[in-house]
Amino acid sequence: MAGTLTPFVVGERSHLDPSGTDEPWLDEGGFYSSRRWTVSQEGDRGFTTAYLVGQDETSGQTGGLVPFHTASGGDSNPLYNETTLLGYTPEVQVLAGSRTGYDNRVLLSPGLSDADRTRLLSALCDRLLERAEEQGAGHVSWWYLPEEEARALAGLPGVATVATPCLPTAVVRPRGADFDAHVAALPASRRSLVRRDLKRLAAGGYRSRTVAADPADLERYAPLVVQVQTRHGEELSEEGAIRYLRRCLSLGGGTGQSGGEVVITEVLDTEDRPAAFALGIVHGRTLHMRVFGCDYAAGHGTSGEYFEATVYGPLRLVMERGLDAVHLGVTSYRAKSLRGAELHARRTLFMSRPDRPLPVPAPDWGFLGDDERFLAGASSEVLPC
């Protein structure tokens, strides 16, 4: 009934408290939509971040939040730049929700009724488009949305939208009571590949362990990160690698769902020196892998160290802790799916006012090589095992 509808007001903030204990639902949509992750991007070069906040006009309680990020020319990373999807570079880009990461969410209080959710989200998006127009942008883009979230936004009154596939996310879920049971439960082709990886690792004299990340160890991990970036044609100094690792460590230490432990899976050689490592962050019931490093210069990287550091070691920790999954992010889909990963389809949604022309997607993911064919999980090779 119209008389029971909640009156909402939309305001704006320039900063968000990552450690606030009110509205815990703001961190329950996932790591890449959490306050800690979003706040870590404030001040990134070239971007201005602000927050639209929808509140109950009577009680002042927050009912919804939309971070938005504005830049001229967009992100230097093509995985988050509209140029990749449109074939041209808009002069001003406004990205809504999570600007980086691979799992964007619409942040609304679970206590709202369906009618109030629609009304509040419509009000937030109306203000979002208004702010985009003020910045000189004719549309906004929501990247890496689950299909259900994209449909909810597309169904709002008073907006026009067009969606296009973007990179799916890879997730590994435990299949048994322990790691051996997990491997045994994989389909035969996957099982034999995993066991071959493990045999190669053992034959090389490697062992792994997962430990809490220690700031004192960052200097020994940094050269391994630099070597990986160099192999992929990217320039990164050891100082830059240390800064990024330190930033990852800052994302831990929260309370409840808003933060978690930062862990390192080390692959050690016969002299107990790190041959490779991967950094992950626990959020809620999922371990999110963020960084991989390998000492190629010392002859490592050919005996399955990558999968031990990024998949098998983290999965053992997840099973020991009773967590739900390891989030492996994007790219390297064939290798990940052949080792038991599921791919979850994601969409980028462009939004404008109905009287404004929508951009026409013309995506070019050619720089991804083999990964391009896995968009939207279309290939049978990446379907859940």
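1. Threonine 331 is partly exposed, at a relative accessible area of 22%. To be called buried, a residue must be under 20%, and exposed begins over 50%, so 22% falls in the class between. The residue sits in the loop that joins strand 12 (325-329) to helix 10 (333-337). Although threonine 331 is not a glycine, its phi is positive, about 70 degrees. Please keep in mind, here and below, that this is a predicted model.

2. Tyrosine 144 is another residue to check for its backbone. Its phi is positive, about 55 degrees, and tyrosine 144 is not a glycine. Tyrosine 144 belongs to strand 6 (residues 140-145). Is tyrosine 144 buried or exposed? Its relative accessibility is 1%, so tyrosine 144 counts as buried.

3. Two glycines with positive phi come after helices. Glycine 233 stands just after helix 7, with a phi of about 80 degrees. Glycine 322 follows helix 9, and its phi is near 75 degrees.

4. Helix 9 covers residues 305-321, which makes 17 residues. Does its length agree or disagree with the expected span? At 1.5 Å a residue the helix should span 24 Å, and the C-alpha atoms at its ends are 23 Å apart, which agrees. Helix 9 nevertheless has a kink of about 30 degrees at tyrosine 312, shortly before proline 314. As for its surroundings, helix 9 is mostly covered, with 13 of its 17 residues buried.

5. Helix 6 (residues 188-203) is a partner of helix 9. The two axes come within 11 Å and cross at roughly 110 degrees. That angle makes helix 6 roughly perpendicular to helix 9, because the range for this word is 65 to 115 degrees. The crossing of helix 6 past helix 9 is left-handed.

6. Which residues make the contact between helix 6 and helix 9? From helix 6 they are Val194, Asp197, Leu198 and Leu201, and from helix 9 they are Glu305, Phe307, Glu308, Tyr312 and Arg316. A general point helps in reading such lists. An α-helix has 3.6 residues a turn, so residues three or four places apart point the same way. Note also that tyrosine 312, listed among the contacts with helix 6, is where the kink of helix 9 lies.

7. Helix 7 (residues 218-231) and helix 8 (residues 238-250) form another crossing pair. Their axes come within 8 Å, and the angle is roughly 115 degrees. Here helix 7 passes helix 8 in a right-handed crossing. On the helix 7 side the contact uses Leu218, Glu219, Tyr221, Ala222, Pro223, Val225 and Val226. These meet Glu238, Ala241, Ile242, Leu245, Arg246 and Leu249 of helix 8.

8. Helix 7 itself has 14 residues, and from its first C-alpha to its last it reaches 20 Å, close to the expected 20 Å at 1.5 Å a residue. Its buried residues are Leu218, Tyr221, Ala222, Leu224, Val225, Val226, Gln227 and Val228. What do the buried residues of helix 7 pack against? Their partners are helix 8, strand 9 (262-268), strand 10 (274-283) and strand 11 (286-294).

9. Histidine 283 lies in strand 10. With 5% relative accessibility, histidine 283 counts as buried. In sequence histidine 283 is 19 residues from isoleucine 264, and their C-alpha atoms are 15 Å apart.

10. Glycine 299 is placed in the loop between strand 11 and helix 9. Its relative accessibility is 51%, so glycine 299 counts as exposed; the cut-off is over 50%. Glycine 299 and valine 228 are 71 residues apart in sequence, with 13 Å between their C-alpha atoms. Valine 228 is one of the buried residues of helix 7.

11. Threonine 164 is part of strand 7 (residues 160-172). Its relative accessible area is 5%, so threonine 164 is buried. Apart from neighbours within four places in sequence, threonine 164 is in contact with Leu85, Arg347, Thr348, Phe350, Pro361 and Pro363.

12. Arginine 13 is in strand 1 (residues 8-13). Is arginine 13 buried or exposed? With a relative accessible area of 36%, arginine 13 is partly exposed. Its C-alpha atom is separated by 5.1 Å from that of tyrosine 51, which is 38 residues away along the chain. Not counting residues up to four places away in sequence, arginine 13 touches Ala50, Tyr51, Val53, Gln55 and Thr62.

Methods. Residues numbered from 1 in each chain as written. Predicted model: local features only at pLDDT ≥ 70, side-chain atom pairs only at ≥ 80, totals over all residues. Heavy atoms only, no water. Helix = DSSP H or I, 4+ residues; strand = E, 2+ residues; numbered from the N terminus. Expected span 1.5 Å × (residues − 1). Bend = angle between axes of the 7 residues up to and from the residue. Buried < 20%, exposed > 50% of the residue type's maximum accessible area, 1.4 Å probe, protein only. Axes fitted to C-alpha atoms, helices over the stretch in contact; angles between N-to-C directions. Parallel < 35°, antiparallel > 145°, perpendicular 65-115°, else oblique. Left-handed = near helix turned anticlockwise from the far one by under 90°. Contact = heavy atoms within 4.5 Å.
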